[in-house]
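Visitor: I would like a close look at a single part of this model, the largest cavity. Please describe what surrounds it and how that part sits within the rest of the protein.

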Amino acid sequence: MVKDDVADQLVCSTVKVTCVNKEKQSQGTAFFMLMHDGPKDLLALVTNKHVVVSDKKGTIFDEAYIVLSKRNSNGTIKKEHIQLHISELKERCFFHPDDSIDLCLLVINDLIEQARANGIDPYFKAITTDFSISNFNMQELTPVEDIVMIGYPIGLIDEVNNKPVVRKGITATDIRLDYNGRKEFLIDAACFHGSSGSPVFLRKMGLSKEDIDNGFSISLHPTYAFLGVLYAGPVEKVDGEIKIKTIPTSTQMPYSEHEHTINLGFVIKSEKVVELFSLIKEYTK
């Protein structure tokens with residue numbers, strides 16, 4: 001049996017993010033992503049705009065909190081946690097310049113460096129931008145592929161171990177195509193409040209060779225790639241009308257009793273995340 005080391009790392013790439021101001025709070029999912037940029041890498045949390053925005057005017061919340069596990073000196077995870085305070089949230093938020101693309105990056109290099117300078121080594125795994133599906137052979141994909149989504153639906157989290165919830169599904173539209181001409185696709189998976197900002201990964205099974213004493217064995221082994229970020233889902237009203245709604249960010253903002261979800265999710269393609277990283281890299285030089 002081949003151990004799925006990639007899955008071990010992916011579940012350490014997300015955090016539950018809580019944004020607050022004096023009036024209310026928002027909860028969603030964010031994940032660490034890294035762009036190699038010469039001597040200094042660009043590290044950011046990826047989430048949706050609507051997770052960090054408090055009203056329809058586009059006002060950004062005052063601050064945010066995430067909880068990270070601590071790292072032992074040998075590199076393993078401690079069951080001790082640290083709450084990382086992200087103050088002056090507005091100054092750290094970089095939105096995609098296309099208003100129709102619900103993406104936000106929170107640049108946090110300095111916060112991680114400050115924690116380490118204070119003797120606290122946070123444990124997390126960052127997805128690199130070259131892990132995007134666009135760097136793979138797209139022609140090897142089919143209209144129906146297995147996916148996993150990692151996040152915090154309805155705010156659920158393993159608080160003792162500081163671990164997220166993993167859900168699985170399939171691509172509901174062809175990842176090789178742009179759904180309705182937009183850089184996005186649909187997944188067939190249950191999407192609830194708290195799931196906003198969840199990373200979606202391809203999980204494709206293939207044959208793998210494993211060397212053993214005096215020979216080798218062949219087994220199934222999963223291959224992963226970053227597909228994109230969940231941001232919305234269609235709901236059906238009682239009169240049959242279909243509406244597209246961003247995934248709510250608070251348990252105080254449920255869907256109306258006159259409409260219900262149909263277990264589909266809209267995902268922004270990973271190439272738009274990489275594009276935003278490239279824009280920020282130029283801005284932060």
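Guide: A cavity here is a set of grid points where a 1.4 Å probe fits but cannot get out, and its volume is the space filled by probe spheres set on those points. The model is predicted. On that definition, the largest cavity has a volume of about 90 Å³. The structure holds two cavities of 30 Å³ or more.

The lining of the largest cavity consists of 14 residues. Nearest its centre lie Cys12, Thr14, Ser69, Tyr123 and Asn162. By class, the lining has eight nonpolar residues, five polar ones and one that is charged. Strand E1, residues 14-20, supplies at least two of the lining residues, and strand E4 likewise supplies at least two.

E4 can be followed further. This strand covers residues 63-71 and pairs with strand E5, residues 77-86, in the antiparallel sense, over seven bridges. Within that pairing, Ile66 has Leu84 of E5 as its bridge partner. Five residues separate E4 from E5 in the hairpin that the two strands form. In the turn, Gly75 has a positive phi of about 95 degrees.

As for the rest of the protein, there are 17 strands and five helices. Of the 285 residues, 47% are buried. Among contacts between residues at least 6 apart in sequence, 67% join residues at least 24 apart. The exposed area of the protein is about 14600 Å², with carbon and sulfur atoms supplying 50% of it.

Technical notes:
Residues numbered from 1 in each chain as written. Predicted model: local features only at pLDDT ≥ 70, side-chain atom pairs only at ≥ 80, totals over all residues. Heavy atoms only, no water. Helix = DSSP H or I, 4+ residues; strand = E, 2+ residues; numbered from the N terminus. Buried < 20%, exposed > 50% of the residue type's maximum accessible area, 1.4 Å probe, protein only. Contact = heavy atoms within 4.5 Å. Areas by Shrake-Rupley, 256 points an atom, 1.4 Å probe, with all protein chains shown as cover. Pairing = 2+ DSSP bridges. 1 Å grid on protein atoms, 1.4 Å probe; cavity = no way out; pocket = protein on both sides within 12 Å on 5 of 7 lines; lining within 4 Å. Nonpolar A, V, L, I, M, F, W, Y, C, P; charged D, E, K, R; others polar.
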